[in-house]
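This report goes through one protein model, from its strands to its helices, loops and core. Please keep the sequence and the structure open while reading.

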Amino acid sequence: MDIDSIKDIIAKSMMDAIEQHGGDTSIFKDGKSHSSEEIINMLDGEMRKLADAQNDEFEREKQERAQAANDGKKYDIDEIIARIDNELPPKPMLRLNPKRAENLSVFENKLGGVPYLPKDFPYPVGKSGQYEGKPLRLLAQLNFEKLPHIPNFPVKGILQFFGCDSGEDMVFGMDFDDYVTQNGFRVIYHENILTDESLLIDASYLPEPSDEYCAFPFDGEFLLEAEEPSECAATIYDVSFWDRLMKYCGEAAGCEFNTVGAMEKAGFGSLEFLWEKRSNECSCIGGYPYFTQDDPRFADAYKRFDTLLLQINSIYDRETCDEIMWGDMGVGSFFISLERLKSGDFSEVMFTWDCC
């Protein structure tokens, strides 16, 4: 028997075996001879498809069994939340209320306007790529000497956040591939404040926009009025809370979860209250964050940014038409590691924003 006849017999046998197991035999019906290596590779591919399909079916059956076992069962979600809160205690927070204003002092807590900058301090500009050489714009300024103190934050100095208002992309200086490198945004800390205004810049020092089309979350200025310090319970949006919620509910039900909807079907009841009572949808310093989408700190590269440095939420006043708008009612946030915050080192800060 020649080698081609042997190949045909092997191919037919493999085709029959695959057909009996529900595989696709079309790969052998091309009228061509195949080498033994090609046949083995094709068979391996078919077997992998079959194995994947069987694994998928096994997982579906596993979830169905778990669901059937949980039908009518009510898990105590309050105990699970209490367990999470024990691991993630409340964080100190300073809520900030933006109020429309004009010609605010360079020493004020504010959004926009003329920043506190000594005349001999280089005005911040973009460093490379699409932002290279473009002047940045004051997004927010915090004068800790005029704010109620909360633990771990400075007691003196001015902290500033700059973003880019250039370009139709409307990303305000954020980089979707790198939330940390300060290129299109900048964080500057002036530990010691000069009180002689003749040494500081005024509006005449502000550079002209580098593009005709300028986008920014707001126009003009807003005074940031601080409330008394409070505590913020962990929010469902925070990656640390979410990971624990999925893990502990999965342990209680004996299966894995990755969505609240699946948890509710498994017998945990409606978890709508978590969005109502655990959202922190405001502008603030400290506390736990709010997101309209997902916490980008799910990625390992950003897990070290465990502290909310500043959160600026969108607002819209129907009467005055004043607005702060991150895209479509989104939120902008700056994060830092607790260790760097305690040491007053703001050289590594994460900037992100998202919207509906």
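How many bridges join strand S12 to S13, and do the two run parallel or antiparallel? Five bridges join them, and the strands run antiparallel. The model is a predicted one, and the descriptions below should be read with that in mind.

## Overall make-up

The protein has seven helices and 13 strands. Of its 356 residues, 46% are buried. About 18,800 Å² of surface is exposed, and carbon and sulfur atoms supply 48% of that area.

Contacts between residues at least 6 apart in sequence were also examined; 74% of them join residues at least 24 apart.

## Strands S9, S12 and S13

Strand S12 covers residues 331-336 and pairs with two strands described here. On one side of the account is S13, where Gly332 of the pairing stands opposite Trp353. The other is S9, which is joined to S12 by six bridges, again in an antiparallel arrangement. Within that pairing, Leu308 has Phe335 in S12 as its bridge partner.

Side chains in a regular strand alternate between the two faces of the sheet. In S13, Met350, Thr352 and Asp354 point one way, while Phe351 and Trp353 point the other way. Residues on both sides are buried. Because five of the five residues of S13 (350-354) are buried, the strand is largely enclosed by the rest of the structure. The corresponding count for S9 (residues 307-313) is seven of seven, so S9 is also largely enclosed by the rest of the structure.

## Helix H4

Helix H4 runs over residues 239-253 and has 15 residues. At 1.5 Å a residue it should span 21 Å, and its end C-alpha atoms are 21 Å apart, so the expected and computed values agree.

At the N-terminal end, Asp238 acts as a cap: one of its side-chain oxygens lies 2.8 Å from the backbone nitrogen of Ser240. After the helix comes Gly254, which has a positive phi, near 80°. The buried residues of H4 are Val239, Phe241, Trp242, Leu245, Met246, Tyr248, Cys249, Gly250 and Ala253.

## Nonpolar cores

Nonpolar side chains tend to be buried together in soluble globular proteins. The largest nonpolar core here has 74 residues, and those with the most contacts inside it are Leu142, Leu245, Phe268, Leu309 and Phe334. H4 gives the largest share of this core, with seven residues. Apart from this core lies another one, of nine residues, including Val114, Tyr116, Ile193 and Leu200.

Which residues does Phe334 touch, leaving aside those up to four places away in sequence? They are Leu139, Phe161, Phe185, Val187, Thr307, Leu308, Leu309, Leu310, Val349, Met350 and Phe351.

## Thr235 and its surroundings

Thr235 is in the loop between strand S7 (230-232) and H4. With a relative accessible area of 1%, Thr235 is buried, the cut-off being under 20%. A polar atom of the Thr235 side chain lies 2.7 Å from the backbone oxygen of Pro289. Not counting residues up to four places away in sequence, Thr235 touches Phe241, Arg278, Ser279, Asn280, Tyr288 and Pro289. Phe241 is also listed among the buried residues of H4.

## Residues with positive phi

Asn280, one of the residues touched by Thr235, is found in the loop between helix H6 (272-277) and strand S8 (283-286). Phi of Asn280 is near 55°, a positive value in a residue other than glycine. Asn280 has 11% relative accessibility and so counts as buried.

Phe172 is a further residue other than glycine with a positive phi, in this case near 60°. Its loop connects strand S4 (158-163) and strand S5 (186-190). Is Phe172 buried or exposed? At 3% relative accessibility, Phe172 counts as buried.

## Gly261 in helix H5

Gly261 belongs to helix H5, residues 260-268. The relative accessible area of Gly261 is 35%, so this glycine is partly exposed. Gly261 and Leu271 are 10 residues apart along the chain, and their C-alpha atoms are separated by 8.7 Å.

Terms used:
Residues are numbered from 1 along each chain as its sequence is written. This is a predicted model: local features need pLDDT of at least 70, side-chain atom pairs count only at pLDDT 80 or more; totals for chains, interfaces and linings use all residues. Side-chain values use heavy atoms; hydrogens and water are left out. Buried means under 20% relative accessible area, exposed over 50%, partly exposed in between (1.4 Å probe, protein chains only). Helices (H or I, at least four residues) and strands (E, at least two) are DSSP runs, numbered from the N terminus. Two strands pair if DSSP finds at least two bridges between them. The expected span of a helix is 1.5 Å times one less than its number of residues. A polar contact is a pair of N or O atoms within 3.5 Å; within protein, one must be able to donate a hydrogen and the other to accept it, and residues adjacent in sequence count only if both atoms are side-chain atoms. Contact means heavy atoms within 4.5 Å. Accessible areas come from the Shrake-Rupley method with a 1.4 Å probe; for residues, only the protein chains shown count as cover. A nonpolar core is a set of buried Ala, Val, Leu, Ile, Met, Phe, Trp, Tyr and Cys residues joined through side-chain atoms within 4.5 Å.
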